[in-house]
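Notebook open, structure loaded. I want to jot down what I look up as I go.

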Amino acid sequence: MKAIQVPAKGEPMKLVEIPIPVPAQGQVLLRIEACGVCSGDASTISGAAPEYPRIPGHEVIGIVEQLGDGFTKWEIGQRVGMGYHSGDDHVTGLTMDGGYAEYMVAFEEALILIPDEVSAEEAAPLMCAGETTFSALRNSSARPGDLVAISGIGGLGHLAVQYAKKAGYQTVAISRGVQKENLAKELGAHFYIDSEKEDPAKALKALGGAKVILATAPNAEVISSLVNGLATEGELIIVAGSRERLELSAMDFLKGPHTVKGSFTGKAKEIEAAVRFSVLTDVRPIIEVFPLERASEAYEKMMAAKTRFRAVLSMSAENKAK
């Protein structure tokens with residue numbers, strides 16, 4: 001099979017031909033249809049995997065091709081998906097090979113059934129980016145009618161705006177510049193705050209304060225400033241990975257009182273709920289599709305925030321590339 005492999009720590013990704021893996025007990029072999037390209041893949045690509053060579057990719061959609069011994073839950077021919085958590089305490093694309101390939105093995109418990117209403121390419125980002133934002137909002141203190149702000153209208157944020165609108169929240173989109181205003185409103189935002197023209201926290205306070213602010217862009221300075229836009233007992237939820245330190249004082253918490261917390265990607269049960277909601281409410285990611293051979297280009301564009309808005313590798317044909 002063809003695969004994109006990181007040969008060793010510190011080495012760039014490489015297109016290789018390797019044997020198709022064989023599923024062990026409790027596993028299936030997937031013929032991969034699509035795999036999302038996510039910033040979480042950086043751990044593998046930058047050299048943090050425990051073993052190399054390693055195939056990245058954790059937003060996987062594929063067809064069950066072969067069953068391992070003792071396998072009972074899935075049937076050959078079913079279309080399934082999986083995310084970051086790949087079962088048996090593994091991380092997809094980090095501690096076991098992921099979806100930048102034509103085939104991969106997967107543990108039974110990590111898979112969910114993918115409905116026919118969504119294409120493989122559109123379903124792939126829902127396995128991580130979609131589920132992460134959906135679950136963060138679903139598990140928040142916000143209730144229908146509450147003011148919810150989405151900071152950052154990129155790969156995560158453009159999905160979060162759709163989920164917030166469809167869940168019945170008064171939705172505010174926050175981004176830099178006017179270029180994303182029309183798109184944000186098309187996605188469902190009731191209000192748009194241009195952070196280049198006004199202080200988002202002050203603008204949110206003028207609207208009555210946000211019950212929940214979802215921070216989807218990894219900018220510690222911006223995230224820290226947003227706490228001042230919360231309503232009483234509001235929540236600032238961080239879903240963007242960054243090692244930068246936040247600048248928050250005790251008063252930032254006491255004067256609310258406010259809650260600042262993070263929300264990480266979930267497992268199969270949470271992914272299934274996100275996909276079900278996406279299909280029911282017609283939430284879809286905006287994607288840019290690449291063939292497997294252009295995985296490095298897709299990854300570089302995603303990391304440079306030049307993808308509109310999620311990069312997806314498609315295993316089907318060259319003509320799906322844009």
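Before the first entry, a note on naming: helices here are DSSP runs of H or I with at least four residues, strands are runs of E with at least two, and both are numbered from the N terminus. I also keep in mind that this is a predicted model.

**Entry 1, serine 135**

I started with serine 135, which sits in helix H3, residues 129-138. Buried or exposed, I wondered about serine 135? Its relative accessibility is 5%, and the cut-off for buried is under 20%, so serine 135 counts as buried. I then looked up a C-alpha distance from here: serine 135 and glycine 266 are 7.8 Å apart by C-alpha atoms, with their positions 131 residues apart along the chain.

**Entry 2, aromatic pairs**

I went for the rings next. How many aromatic pairs does the structure hold? I got 4. One of them is tyrosine 84 with phenylalanine 264, edge-to-face, with 5.2 Å centre to centre and 85 degrees between the planes. Tyrosine 84 is in the loop between strand S5 (79-82) and strand S6 (103-107), while phenylalanine 264 is in the loop between S13 and helix H9 (268-281), so this pair ties together parts 180 residues apart in sequence. Phenylalanine 264 counts as exposed, at 57% relative accessibility.

Then I checked phenylalanine 134 with phenylalanine 277. The ring centres are 5.1 Å apart and the planes stand at 40 degrees, so I log this pair as tilted. Phenylalanine 134 belongs to helix H3 and phenylalanine 277 to helix H9, so the pair ties together parts 143 residues apart in sequence. Phenylalanine 134 is buried, with 8% relative accessible area. Ring pairs also bring in Tyr163: Phe134, Tyr163 and Phe277 are linked into a cluster.

**Entry 3, helix H4**

Tyr163 sent me to helix H4, which spans residues 157-166. How many of the 10 residues of H4 are buried? I noted 8, so to speak "mostly covered". Among the buried ones are His158, Gln162 and Tyr163. After H4 comes glycine 168, with a positive phi near 90 degrees.

**Entry 4, the parallel sheet**

I traced an open sheet of 6 strands, ordered S10-S9-S8-S11-S12-S13, with parallel pairing. Which strands are at its edges? They are S10 (191-194) and S13 (259-262), each pairing on one side only. On average, neighbouring strands in this sheet are turned by 20 degrees against each other, direction ignored.

I zoomed in on one pairing inside the sheet. Strand S11 (residues 210-215) and strand S12 (residues 230-238) run parallel and are joined by 5 bridges. Valine 212 has glutamate 235 of S12 as its bridge partner.

**Entry 5, salt bridges**

My count of salt bridges came to 12. I looked at glutamate 59 and arginine 310, whose side chains meet at 3.0 Å, N to O. Glutamate 59 is in strand S4 (residues 59-67) and arginine 310 in strand S15 (residues 310-314), so to note the span, they are distant parts of the chain, 251 residues apart. Glutamate 59 is buried at 0% relative accessibility, and arginine 310 is buried too, at 7%.

Lysine 301 and glutamate 288 were next, at 2.8 Å, N to O. Lysine 301 is in helix H10 (residues 295-303) and glutamate 288 in strand S14 (residues 287-291), so this pair ties together parts 13 residues apart in sequence. Lysine 301 counts as partly exposed at 24%, whereas glutamate 288 is buried at 12%.

Last in this batch, I checked arginine 284 and aspartate 282, which form a salt bridge at 4.0 Å, N to O. Arginine 284 counts as buried at 16% relative accessibility, but aspartate 282 counts as exposed at 53%. Both belong to a network of salt bridges that also includes Glu122.

**Entry 6, a nonpolar surface patch**

I finished on the surface. Which residues form the nonpolar patch there? Met251, Phe253 and Leu254 do, with about 310 Å² of accessible area together. Methionine 251 lies in helix H8, residues 250-254. Its relative accessible area is 49%, so I put methionine 251 down as partly exposed.

Technical notes: Residues are numbered from 1 along each chain as its sequence is written. This is a predicted model: local features need pLDDT of at least 70, side-chain atom pairs count only at pLDDT 80 or more; totals for chains, interfaces and linings use all residues. Side-chain values use heavy atoms; hydrogens and water are left out. Two strands pair if DSSP finds at least two bridges between them. Axes are lines fitted to C-alpha atoms, for helices over the stretch in contact, and angles run from 0 to 180 degrees between N-to-C directions. Patches are made of residues with over 30% relative accessible area and no salt bridge: like charges are joined within 9 Å, nonpolar side chains (Val, Leu, Ile, Met, Phe, Trp, Tyr) within 5 Å. Accessible areas come from the Shrake-Rupley method with a 1.4 Å probe; for residues, only the protein chains shown count as cover. Buried means under 20% relative accessible area, exposed over 50%, partly exposed in between (1.4 Å probe, protein chains only). Rings of Phe, Tyr and Trp (its six-membered ring) pair if their centres lie within 6.5 Å; planes under 30 degrees apart count as stacked, over 60 as edge-to-face and the rest as tilted.
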